[in-house]
There are 2 protein chains.
Amino acid sequence: MKREAVSMSDTLSKIQSLADLLTEKQLLELRRNLTIHKYSKNELIYNEGDVPMSLLCLISGKVKVYKSGVGGRTQIIRVIKPVQYLGYRAYFANQNYVTAASAFETSYICKIPMDLVYHWMEENIKLSLFFVRQLSLDLGVSDQRTVSLTQKHIRGRLAEALLFLQESYGLEEDGATLSIYLTREDLANLSNMTTANAIRTLSSFAAEKIVAIDGRKIKIIDMDAIKKISKIG
Amino acid sequence: MKREAVSMSDTLSKIQSLADLLTEKQLLELRRNLTIHKYSKNELIYNEGDVPMSLLCLISGKVKVYKSGVGGRTQIIRVIKPVQYLGYRAYFANQNYVTAASAFETSYICKIPMDLVYHWMEENIKLSLFFVRQLSLDLGVSDQRTVSLTQKHIRGRLAEALLFLQESYGLEEDGATLSIYLTREDLANLSNMTTANAIRTLSSFAAEKIVAIDGRKIKIIDMDAIKKISKIG
DNA sequence: CAAAAATTATGTTTTAAAACATATTTCAGT
DNA sequence: ACTGAAATATGTTTTAAAACATAATTTTTG
């Protein structure tokens with residue numbers, strides 16, 4: 001498990017695909033204005049209502065974007081893996097953040113002043129189109145998620161969450177264990193259910209030999225079954 | 001009630017704010033490539049899985065964008081009023097449509113070939129930034145909606161739907177009657193509930209003198225009560 | 001290392017909403 | 001204007017999931 005800090009050159013190589021879109025001048029400005037920040041496990045990165053100031057890019061670690069709803073219940077809206085960008089929507093919409101973000105585990109995030117990014121966009125079509133594409137992908141996921149979370153039953157929602165985690169963070173060397181260890185509460189907040197129901201439903205999956213659980217480790221035994229449960233809802 | 005067809009010059013004046021972003025050359029291309037289409041009540045405009053070919057702009061009428069989920073249940077994702085654009089997300093994300101759209105009532109829609117629009121975007125920053133903004137607003141609404149639909153109770157969801165319809169389509173001259181007449185089924189699909197529950201819950205609101213119903217006409221009597229019910233969920 | 005706190009686990013009860021059923025009314029097409 | 005279909009209305013039953021409760025672990029922290 002790597003534990004070292006992230007250097008500037010590490011960071012620049014990670015955001016290469018964004019940097020490639022920039023002009024020489026913009027690249028220089030990027031180097032001058034980019035900052036790197038460490039967030040510990042469960043540390044808040046931004047909160048609902050905050051003014052969006054920076055484009056964030058997750059360099060290493062894992063992050064959740066969530067929203068608190070009725071009676072303080074939390075819904076995880078999306079999860080972020082390296083190297084993905086976040087925090088841009090609210091700025092473009094001229095709003096304060098309507099979501100919050102925090103680190104699942106120790107994470108390094110680089111920040112680029114959003115005013116600067118927007119400035120670049122005004123003279124850099126490729127960068128603008130990059131965000132058009134990102135936002136379009138995000139919106140598709142969000143619309144799909146609305147329907148899944150409202151219409152699927154508990155088992156379907158949990159199965160979908162497991163698939164979602166697998167797609168987002170992948171599997172360990174055994175090719176079966178999810179590479180992220182979430183609390184049951186996070187799993188519940190991802191699947192729109194109560195913590196007790198996440199625990200119960202996951203136990204059922206284990207009893208049915210669909211998954212094997214060892215604390216927070218979840219090993220997927222029968223992927224087809226999970227896909228089927230997710231699909232039929 | 002206006003019933004006439006929509007002319008090219010009507011249309012051009014409606015899409016003025018988009019046209020203003022274009023160069024002279026692009027404006028000429030727009031005039032040559034823009035087409036106007038009439039859709040009757042309940043007519044399908046595009047379907048899930050279709051290849052997105054055109055940027056659509058609703059010139060007159062009312063349109064719903066929806067998604068069919070588990071067991072064919074329909075969720076209305078958003079409603080469109082004149083002059084709003086639709087149909088662009090899937091193209092930008094390089095996907096087929098994941099939603100469908102149809103007309104609540106007779107609607108005129110103008111179509112502009114999406115390849116052309118994208119071409120313009122590649123040489124027109126303002127146009128690109130227009131879509132960045134649109135997508136960002138859409139995404140904010142979608143994320144908010146995910147939480148509302150999953151966490152609010154039936155009464156809260158219906159109240160929210162009524163507010164949403166009021167914001168989208170406004171009120172009639174009496175300053176109280178919603179300017180859109182939906183079937184109870186559409187109201188249910190907007191609020192994530194069964195038709196029977198939409199009927200029942202709306203009847204309750206009427207019994208509580210929060211609204212007055214006359215067929216599909218819904219008159220809002222106690223706006224504060226509706227806002228409160230929506231808020232507390 | 002031990003105590004406190006948080007998390008996981010399960011059983012039971014309650015509740016909200018769906019499913020089912022059946023009239024009644026309204027609407028659309030001939 | 002008539003007729004079948006669609007939409008509305010309302011009552012009853014069933015079911016899924018939340019709420020509540022309590023205990024056993026595990027994790028964190030002083």
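**Close-up views of a predicted protein–DNA model**

**View 1. The surface near DNA strand D.** H9(B) provides the largest share of the surface near DNA strand D, five residues. The model is predicted: local features need pLDDT of at least 70, side-chain atom pairs count only at pLDDT 80 or more, and totals for chains, interfaces and linings use all residues. Residues are numbered from 1 along each chain as its sequence is written, while chains are lettered from A and ligands numbered from 1 in the order in which they are written. Around DNA strand D there are 17 residues, of which His153(A), Ile154(A), Asn197(A), Thr183(B) and Arg184(B) come nearest (near: C-beta atom, placed from the backbone, within 6 Å of the strand). H9 of chain A, helix H8 (184-191) of chain B and H9 of chain B each supply at least two residues (helices, H or I, of at least four residues and strands, E, of at least two are DSSP runs, numbered from the N terminus).

**View 2. The surface near DNA strand C.** Here 17 residues surround the strand, and the closest are Thr183(A), Arg184(A), His153(B), Ile154(B) and Asn197(B). H9(A) gives the most to this surface, with five residues. Six of the surface residues are nonpolar, seven polar and four charged (nonpolar: Ala, Val, Leu, Ile, Met, Phe, Trp, Tyr, Cys and Pro; charged: Asp, Glu, Lys and Arg; polar: the others, Gly among them).

**View 3. The contact between chain A and chain B.** Chain A and chain B each bring 38 residues to the contact (contact: C-beta atoms, placed from the backbone, within 7 Å). On the side of chain A that touches chain B, the largest share, 21 residues, comes from H6(A). By class, this side of chain A has 15 nonpolar, 14 polar and nine charged residues.

**View 4. An open sheet in chain B.** Four strands are arranged in the order S1-S8-S3-S6, with antiparallel pairing (two strands pair if DSSP finds at least two bridges between them). Strand S1 (35-39) and strand S6 (84-86) of chain B are at the edges with a single partner strand each, so one side of each has no neighbour in the sheet. Six bridges join strand S3 (residues 54-60) to strand S8 (residues 107-113) of chain B. Cys57(B) has Cys110(B) as its bridge partner in S8(B).

**View 5. Surroundings of Val63(B).** Not counting residues up to four places away in sequence, Val63(B) touches eight residues named here: Ile45(B), Leu58(B), Val79(B), Ile80(B), Ala101(B), Ala103(B), Phe104(B) and Ser107(B).

Conventions: Contact = placed C-beta atoms within 7 Å.
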